[in-house]
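Got your viewer ready? Here is a stop-by-stop tour, with something to select at each stop.

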Amino acid sequence: MYSLILGGLGFIGLNYIIKNKNKKIICVDNQSYAANTSHLKYLKKLPNFEYFNANISNQKTIKKIFNNYKIKYIINFAAETHVDNSILNPKVFVKRNVLDFVSFLQIIINLKNFDKENIRFLHVSTDEVYGSLKLKQRKFLEEDKFYPNSPYSASKASAEHFLRAFSKTYNIKYMIANPSNNFGAYQNKEKFIPTIIKSAIQKKKIPIYGKGLNVREWLYVEDNCKILKKILTHGKNGHSYNVGGNNEINNINLVKKVCKILNDYDSSFDYFSLISYVKDRPGHDFRYSVDMKKTNKLIKKLKFNKFSINLKKTVLWYLQNRQTLHKT
């Protein structure tokens, strides 16, 4: 029985595969700019790993996989994810996150050997589909309406709607996860925490949008992968699950925490001096935070480290793997 991982060379997908490297895994990835192709050589040495360089909308590849392998689980990580890029080129996000995903769904519903009753299908979305919160507003609940404010979040919300529609129309069983902001090893250099670290290493200004007061709930990627595994194996059909890190911090304080770690690592330079404020981006959501009550019922026995420990671990990983800040 294989797990089919869509977008497995991306940040979260790669971490998921590494964490489950002893399982039988098939990875489909189109090797976009954000793919961790440098790690592919290691993955291919795993005894139970199969790789297909293709888009998830590639009918020939998807048919081949289902004809040659017994699929038990499907996890969709495949997506364009950077909000700034979605503002510059929204059509790419519609193509990748909506049209390609719908094409994949259309392919599998027409397969004679797609086991609708027994295959467990988890679609990984985002908390950004819910929109933005005010500072003292309650956290997002799974039943909240969608109010996406960027082309990225709109494309992810659209994908969720299509999945639900395909479930009602074609009887596809599914679950959806809505994680908060992830951080950890192998993340693309365009993301916020790698940007902070890369700028600091190069002694360049660390850019912070606006006044740095926007609030995010940060989720360590390895913790996210553990939770996603639980949702995949124990989640209920047709249900969505919020996945958060149980912490909130504004951007400026996050940058200061990273600078403190860097100062402790290298006391010869004051990394706080690099903090710089830049023009805010259009439609910048003020705050994200998700209510985890529903998901917590599935993950009672899982244990997680504190945010401060995971953040330090992440910063030190990038310091020891500086080449990833250039290649990814």
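**Stop 1: helix 1**

Start by selecting F11, I12, G13, L14, N15, Y16 and I17: these residues of helix 1 are buried. Here buried means under 20% relative accessible area, with exposed over 50% and partly exposed in between (1.4 Å probe, protein chains only). Helices (H or I, at least four residues) and strands (E, at least two) are DSSP runs, numbered from the N terminus. Helix 1 covers residues 11-19, and 7 of its 9 residues are buried, so it is largely enclosed by the rest of the structure.

A word on what you have loaded: this is a predicted model, where local features need pLDDT of at least 70 and side-chain atom pairs count only at pLDDT 80 or more, while totals for chains, interfaces and linings use all residues. Residues are numbered from 1 along each chain as its sequence is written, and side-chain values use heavy atoms, leaving out hydrogens and water.

**Stop 2: helix 1 against helix 8**

Keep helix 1 and add residues 221-234, which are helix 8; the two pack at an angle of about 75°, with their axes 9 Å apart. Axes are lines fitted to C-alpha atoms, for helices over the stretch in contact, and angles run from 0 to 180 degrees between N-to-C directions. That makes helix 1 roughly perpendicular to helix 8 (65 to 115 degrees; under 35 is roughly parallel, over 145 roughly antiparallel, and the rest oblique). To see the contact (heavy atoms within 4.5 Å), show F11, I12, N15, Y16 and K19 of helix 1 with V221, E222, N224, C225, K226, L228, K229 and L232 of helix 8.

**Stop 3: I75**

Now jump to strand 4, residues 71-76, and pick I75. I75 is buried, with a relative accessible area of 0%. Leaving aside neighbours within four places in sequence, I75 is in contact with L4, I5, L6, Y16, L122, V124 and L232. Try a C-alpha to C-alpha distance from I75 to V124: 7.2 Å in space, for residues 49 apart in sequence.

**Stop 4: the nonpolar cores**

Which members of the largest nonpolar core touch the most others? They are L43, F49, I75, F77, L122, I231 and L311, out of 69 residues. Helix 9, residues 251-265, gives the most to this core, with 7 residues. A nonpolar core is a set of buried Ala, Val, Leu, Ile, Met, Phe, Trp, Tyr and Cys residues joined through side-chain atoms within 4.5 Å. Colour L43 next: beyond four places in sequence, L43 touches L9, L14, I17 and F49. There is also a second, separate core of 32 residues, including L4, I56, A78 and F104.

**Stop 5: helix 9 and its partners**

Select helix 9 with helix 7 (residues 192-201): they pack at an angle of about 45°, with their axes 11 Å apart. That makes helix 7 oblique to helix 9. On the helix 7 side, show F192, I193, I196, I197 and A200, which meet N251, L254, V255, V258 and L262 in helix 9.

Swap helix 7 for helix 11 (residues 307-320), whose axis comes within 10 Å of that of helix 9 and crosses at roughly 60°. Helix 9 and helix 11 are therefore oblique to each other. For this contact, show L254, K257, V258, I261, L262 and Y265 of helix 9, and F307, L311, K312, V315, L316 and L319 of helix 11.
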